[in-house]
Amino acid sequence: MSNLLIREAEAGDLEAIIRLHEEDELGSHGDVWSPETRPAYESAFAAIQRSPENRLFVAVDGGEIVGTFQLTFIPNLTGRGTLRVKVESVKVKAARRSTGIGARMMTFAEDHARSHGARAMELTSNKTRQAAHRFYERIGFSRSHEGFKKKLG
């Protein structure tokens, strides 16, 4: 894994990214790569690429995409105008978990956020993901807020 490369996602990575979400039953949100769903993913990917506040990354090892995450930069009036970064859609290929890929991705995310002026990083994680929570606490995140979601539509 010493050759792990973390880079911005490209259009050709899209299927592999969705496949990472597919293999996660809890966090997949019903994601599946198919001819019917492909246009929706392509549209979302294009919107992410157009947005100066969003960056989608992949972790590549030996030519294989083994992880992904998205960063969203959020200007905030509190904290004297602190720029925050929200980390979303963190996935590591199931067969490659607990090998250091997630830690490398999060270090990259933190460095990228800091180098672009962010002063805080945040994320949410499903309450049932106890191993993920231990991981995030181990790398310096704290449980500071209770999260809420509401589906619209």
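**Entry 1: salt bridges**

I began with Asp111 and Arg114, whose side chains meet in a salt bridge at 3.8 Å, N to O. The model I am reading is a predicted one, and I keep that in mind for each entry below. Both residues sit in helix H4, three residues apart, which is about one turn of the helix. I looked up their accessibility as well: Asp111 counts as partly exposed because its relative accessibility is 42%, while Arg114, with a relative accessible area of 51%, is exposed, the cut-off being over 50%.

I then noted that salt bridges with shared partners join Asp61, Glu64, Lys93 and Arg96 into one network. For the structure as a whole I recorded 14 salt bridges.

Another pair within one helix is Glu42 with Arg38, where the closest N and O atoms are 2.6 Å apart. These two lie in helix H2, four residues apart, again about one turn of the helix. Glu42 is partly exposed at 34% relative accessibility, and Arg38 is also partly exposed, with a relative accessible area of 42%.

Which parts of the chain does the pair of Arg84 and Glu122 link? I found Arg84 in strand S4 and Glu122 in strand S5, 38 residues apart, so I wrote the pair down as a link between distant parts of the chain. Their closest N and O atoms are 2.8 Å apart. Arg84 is partly exposed with a relative accessible area of 21%, and Glu122 is partly exposed at 29%.

**Entry 2: nonpolar cores**

I turned next to the interior, with the general point in mind that nonpolar side chains tend to be buried together in soluble globular proteins. The largest nonpolar core has 20 residues, and those with the most contacts inside it are Ile6, Ala59, Phe69, Leu71, Ile101 and Met105. Strands S2 (54-61), S3 (64-75) and S4, together with helices H4 and H5, each supply at least two residues of this core, and the largest share, five residues, comes from H4.

I followed Ile6 further and, leaving out residues up to four places away in sequence, listed its contacts as Phe57, Val58, Ala59, Phe69, Arg104, Met105 and Phe108. A second, separate core has 13 residues, among them Ile17, Tyr41, Phe45 and Val60.

**Entry 3: Phe135**

Is Phe135 of helix H5 buried or exposed? I entered Phe135 as buried, because its relative accessibility is 16% and the cut-off for buried is under 20%. Beyond its neighbours within four places in sequence, Phe135 is in contact with Gly102, Ala103 and Met106. I also took the separation of Phe135 from Ala9, which is 126 residues in sequence and 24 Å in space, C-alpha to C-alpha.

**Entry 4: pockets**

The largest pocket holds about 2100 Å³ of space. I counted 50 lining residues, with Leu123, Thr124, Ser125, Asn126 and Tyr136 nearest its centre. The elements giving two or more residues to this lining are strand S4 (83-92), helix H4 (101-115), strand S5 (120-123) and helix H5 (130-138), and H5 gives the largest share, eight residues. By class, the lining divides into 16 nonpolar, 17 polar and 17 charged residues.

The second largest pocket holds about 250 Å³. Of its 13 lining residues, Ile18, His21, Tyr41, Ile48 and Gln70 are the closest to its centre. Helices H1 (14-22) and H2 (38-50) are the elements that give two or more residues to that lining, with the largest share, five residues, coming from H2. I recorded the classes in this lining as nine nonpolar, three polar and one charged.

Notes: Residues numbered from 1 in each chain as written. Predicted model: local features only at pLDDT ≥ 70, side-chain atom pairs only at ≥ 80, totals over all residues. Heavy atoms only, no water. 1 Å grid on protein atoms, 1.4 Å probe; cavity = no way out; pocket = protein on both sides within 12 Å on 5 of 7 lines; lining within 4 Å. Points joined across faces, edges and corners; volume = space filled by probe spheres on them. Nonpolar A, V, L, I, M, F, W, Y, C, P; charged D, E, K, R; others polar. Buried < 20%, exposed > 50% of the residue type's maximum accessible area, 1.4 Å probe, protein only. Contact = heavy atoms within 4.5 Å. Core = buried A, V, L, I, M, F, W, Y, C linked by side-chain atoms within 4.5 Å. Salt bridge = Lys/Arg side-chain N within 4 Å of Asp/Glu carboxyl O.
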